[in-house]
Amino acid sequence: MAFHECGGNASGEIPISLPKWVLEIGKDNQDIFFTDREGRRNTECLSWGIDKERVLKGRTGIEVCFDFMRSFRMEFNDLFEEGFITAVEIGLGASGELKYPSHPERIGWRYPGIGEFQCYDKYMQQNLRRAAKLRGHSFWARGPDNAGHYNSRPHETGFFCDRGDYDGYYGRFFLHWYAQTLIDHADQVLSLANLAFEGTQVIIKIPAVYWWYKTSSHAAELTAGFYNPTNQDGYSPIFDMLKKHSAAMKFVCYGPQHSAQESDEALADLEGLSWQVMNSAWDRSLAVAAHGTLPCHDRETFIRIIENAKPRNDPDRRHLSFFTYQQLTSVFMEREMCFSELDNFIKCMHDCLRLKEGDRSQLPI
C-alpha cells in the first residue's frame, strides 16, 4: 500500500506522484505537505499533521488511507480468501518507509548530510504548540534554530554537536514530540490496516539511517524521526507499537551503499545499527525481514547476507523470516558465473528462511 510518491530522486525511475486530486488540494493548501524550516514543501507524502484534519474533501489523512485499504481488500477479496495474498506491506512515510522525508535529494540533500526536521506546516506547528502548552512551557513551541541545513555535519551545528542542545531540556522535549508524532501516525494506520486486512500479515519498512551513528547525537536518525542518540533507545517504542499490531518488520538497507572512506568520514556504522535494530525487534518476538537496496552479485556480498540472515552462535536460533532480493542487473547477462553464485545463495538462504525475490520474473529458472 503506497501512500507516497514512488520513484524519482536518484533512482532513475519515472516518478509516480500522489493522486492528482490530492495534488490539486495541495495547490490551494500547501500545508498538507511536509515543510522544512525555510518553507520548502515536499510532495512525496502527506504531513502527519493532517491525520485528524478534514482537509481532503471532508476526510482526514487517516480516513483516506483506510478507505483505500478497505477498497483494495474488497476488490481482491477472492485472492485473500484463497490464500494468494498472504501479506500486505503498508507504506508509512517517504519511500514507503517509517520515517520523515528528512533527506530529500530533490531539494539538494546529499550523503552524508544530517537532513532537516520536517515539522513546519501549520498543522504540525499546531500539534507542537499543543504539546508545549501541555508540558507547561509554551515558549518551546518551535523547531530548533541551530540545527543546520540538509548537508551540514553534526559538529557544525549547535543542536547536534557533542553536548549540544539536542540533550538539553528543550531538545529532549522537541525530539520526543517529533519521534512520538511518527509513532502515533504508524499506530493509527496499522490499527486500521489490521481492520481492513484482518487475518493477513502486515509488514512495515524500517530504514537504515546509519551515517553519523558513531556520534553522540545520531543527527541523521533524529531528523528522520528516530530518537536514538547514544543515551536513548529510539527503536524500542517503535517495536513495542508494532508488536501491539502483530506487524512484521522489514529492515531496509542490506549491505554498504558507500565506500569505506565515505563511511569513515561520516562516522557511519551500518553493522552497529543493524545489530541494534534487528535484536531490538527480535527481543519483542517480531517477525524480522530484510530488503536489499542495492543489486548484489558477488560471492562476498552473498556470504555476508547469509551470515546476517541467521546469526552464528545465537542461542535463540533467531533468523530472518524472508529476504527481498533487489532486481537483477545486466551484470548477470555479462558474467555467466554469477548464475551459479546466485543459485548457491538461494539454496543457502532456503536452509534458514523463506526467500522472497523482489523481481521473480528475472530470476533464472
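How are α2 and α5 oriented to each other? I began my notes on this predicted model with that pair, and I looked up the axes before anything else.

**Entry 1: α2 against α5**

I found that the axes of helix α2 (residues 61–75) and α5 come within 9 Å and cross at roughly 25°. Angles under 35 degrees count as roughly parallel, and α2 and α5 are therefore roughly parallel to each other. I noted the crossing in which α2 passes α5 as right-handed. On the α2 side I listed Ile62, Phe66, Met69, Arg70 and Arg73, and these meet His185, Gln188, Val189, Leu192, Ala193, Leu195 and Ala196 of α5. Sorted by class, this contact of α2 with α5 holds eight nonpolar, two polar and two charged residues.

**Entry 2: α4 against α5**

I then turned to helix α4 (residues 122–135), which packs with α5 at an angle of about 130°, the axes being 11 Å apart. That angle makes α4 oblique to α5. The crossing of α4 and α5 is right-handed. From α4 I wrote down Met124, Asn127, Leu128, Ala131, Ala132 and Arg135, which meet Phe173, Phe174, Trp177 and Thr181 in α5. The classes in this contact of α4 with α5 come to seven nonpolar, two polar and one charged residues.

**Entry 3: the nonpolar cores**

Which helix gives the most to the largest nonpolar core? I first looked up the core itself, which has 93 residues, and I recorded Ile90, Phe174, Trp211, Phe239, Leu242 and Phe345 as the members that touch the most others. Helix α5 (residues 169–196) gives the most to this core, with 14 residues. I also found a second, separate core of 11 residues, and Ile32, Ile50, Leu56 and Val64 are among its members.

I followed Ile90 further and left aside its neighbours within four places in sequence. Its remaining contacts include Met1, Phe3, Met69 and Gly96, and they also include Val189, Leu190, Ala193 and Phe197, together with Val202, Ile203 and Ile204. I marked Met69, Val189 and Ala193 in this list, since I had already entered them for the contact of α2 with α5.

**Entry 4: Tyr169**

Is Tyr169 buried or exposed? I placed Tyr169 in helix α5, and at 63% relative accessibility Tyr169 counts as exposed. I also checked Tyr169 against Trp140, and I found the two 29 residues apart in sequence and 9.8 Å apart in space, C-alpha to C-alpha.

**Entry 5: backbone details in the loops**

In the loop between β3 (87–89) and α4 I located Pro112, which is joined to Tyr111 by a cis peptide bond with omega about 5°. Ser95 also lies in the loop between β3 and α4, and I noted a positive phi of about 60° for Ser95 although it is not a glycine. With a relative accessible area of 33%, Ser95 is partly exposed.

I looked up Ser246 next, which is found in the loop between α7 (236–244) and β5 (248–252). Ser246 likewise is not a glycine, yet its phi is positive at about 55°. At 58% relative accessibility, I entered Ser246 as exposed.

**Entry 6: the chain as a whole**

I closed with the totals for the protein chain, whose secondary structure comes to 12 helices and eight strands. Of its 365 residues, 53% are buried. Among the contacts with a separation of 6 or more, residues 24 or more positions apart account for 72%.

Definitions and conventions: Residues numbered from 1 in each chain as written. Predicted model: local features only at pLDDT ≥ 70, side-chain atom pairs only at ≥ 80, totals over all residues. Heavy atoms only, no water. Core = buried A, V, L, I, M, F, W, Y, C linked by side-chain atoms within 4.5 Å. Buried < 20%, exposed > 50% of the residue type's maximum accessible area, 1.4 Å probe, protein only. Helix = DSSP H or I, 4+ residues; strand = E, 2+ residues; numbered from the N terminus. Contact = heavy atoms within 4.5 Å. Axes fitted to C-alpha atoms, helices over the stretch in contact; angles between N-to-C directions. Parallel < 35°, antiparallel > 145°, perpendicular 65-115°, else oblique. Left-handed = near helix turned anticlockwise from the far one by under 90°. Nonpolar A, V, L, I, M, F, W, Y, C, P; charged D, E, K, R; others polar.
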